[in-house]
Amino acid sequence: MKKTFVTVLLALLACSAAQAGVLSPGLAAQMDKMGDHEELKVLVVMKDRADVRAMDKNLHNQAVSLAVRHQTVVSSLTDVATASQRDILAQLTLRQADKAAGGVRGFTPHWIVNSIVLVADVAAIREIVLIHEGAHQTF
């Protein structure tokens, strides 16, 4: 499982410029070799980003304390992640709770890189990609 996750993660990183709401080529190739009910751990990387570098430079130029800079950057990162992950997290929560629809065993949102670690079967991942095609994320 760890080897699969590393493979998927490397494929996603190599394809960070991939189109919004589509599988990275490496992940798509791996999923094509798997059955619909086989489980996979993937990293869903959201497109939206806080411009931390510009924010930090601006706060530094304003001579803001390190504590205030830290709080401002963390707040910005969490705000961006909360807004951009809202719809997909709602969908994942419903799929995890509804055992009949199934396919989603678990997920963990991350605000620092605006991503979601998702453990789901291949069929569920494909459906989620289709539902969120325009939502600007890379799988």
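E39 is partly exposed, with a relative accessible area of 32%. Start there, in a predicted model, and follow its side chain. E39 meets R105 in a salt bridge, 2.8 Å from N to O. The pair links distant parts of the chain: E39 sits in strand β1, R105 in strand β2, and 66 residues separate them. R105 is exposed, at a relative accessible area of 54%. The cut-off for exposed is over 50%, so R105 passes it at 54%. E39, at 32%, falls in the partly exposed class.

Now step back to the whole chain. There are five helices and four strands. Along the sequence they follow the pattern α-α-β-α-α-β-β-α-β. The chain has 139 residues, and buried residues make up 37% of them. Consider the contacts between residues at least 6 apart in sequence. Of these, 68% join residues at least 24 apart.

Salt bridges come next. Side chains of opposite charge can pair when their charged atoms come close. The structure holds four salt bridges. The pair of R105 and E39 is one of them. Another joins D56 and R69, at 3.1 Å from N to O. D56 lies in helix α3 (residues 52-61) and R69 in helix α4, so this pair ties together parts that are 13 residues apart in sequence. D56 is partly exposed, with a relative accessible area of 29%. R69 is buried, at 17%. The limit for buried is under 20%, so R69 meets it at 17%.

A further salt bridge leads to the helix pair α4 and α5. R95 and E127 meet through their side chains at 2.8 Å, N to O. R95 lies in helix α4 and E127 in helix α5, so the pair ties together parts that are 32 residues apart in sequence. R95 counts as buried, at 8% relative accessibility. E127 counts as partly exposed, at 37%.

How do these two helices pack? The angle between α4 and α5 is about 145°, and their axes are 11 Å apart. The crossing of α4 past α5 is right-handed. On the α4 side, I88, Q91, L92 and R95 make the contact; on the α5 side, A124, E127, I128 and I131 do. By class, this contact has five nonpolar, one polar and two charged residues. R95 and E127 appear in the contact and also form a salt bridge. The spacing along each helix has a simple background. An α-helix has 3.6 residues a turn, so residues three or four places apart point the same way.

Stay with α5, which spans residues 122-131. Its buried residues are V122, A123, A124, I125, I128 and V129. What covers them? The cover includes α2 (25-32), β1 (39-46), α4 (66-97), β2 and β3. Among the buried residues, A124 and I128 also take part in the contact with α4.

Two of those covering strands form a hairpin. Strand β2 (residues 104-110) and strand β3 (residues 115-121) run antiparallel, joined by six bridges. One pairing to find on screen is T108, whose bridge partner in β3 is V117. Four residues lie between the strands of this hairpin.

The backbone in that loop deserves a look. Most residues other than glycine have a negative phi, and most peptide bonds are trans. N114, in the loop between β2 and β3, has a positive phi near 50°. Is N114 buried or exposed? N114 counts as buried, at 3% relative accessibility. A63 also has a positive phi, near 60°. A63 lies in the loop between α3 and α4. A63 is exposed, with a relative accessible area of 67%.

The last stop is R49, in the loop between β1 and α3. R49 is partly exposed, at a relative accessible area of 47%. Which residues does R49 touch, leaving aside its neighbours within four places in sequence? They are V80, V113 and N114. This brings back N114, the residue with a positive phi in the loop between β2 and β3. R49 also comes 8.0 Å from A81, C-alpha to C-alpha, with their positions 32 residues apart in sequence counted as the separation.

Technical notes:
Residues numbered from 1 in each chain as written. Predicted model: local features only at pLDDT ≥ 70, side-chain atom pairs only at ≥ 80, totals over all residues. Heavy atoms only, no water. Pairing = 2+ DSSP bridges. Buried < 20%, exposed > 50% of the residue type's maximum accessible area, 1.4 Å probe, protein only. Contact = heavy atoms within 4.5 Å. Axes fitted to C-alpha atoms, helices over the stretch in contact; angles between N-to-C directions. Left-handed = near helix turned anticlockwise from the far one by under 90°. Nonpolar A, V, L, I, M, F, W, Y, C, P; charged D, E, K, R; others polar.
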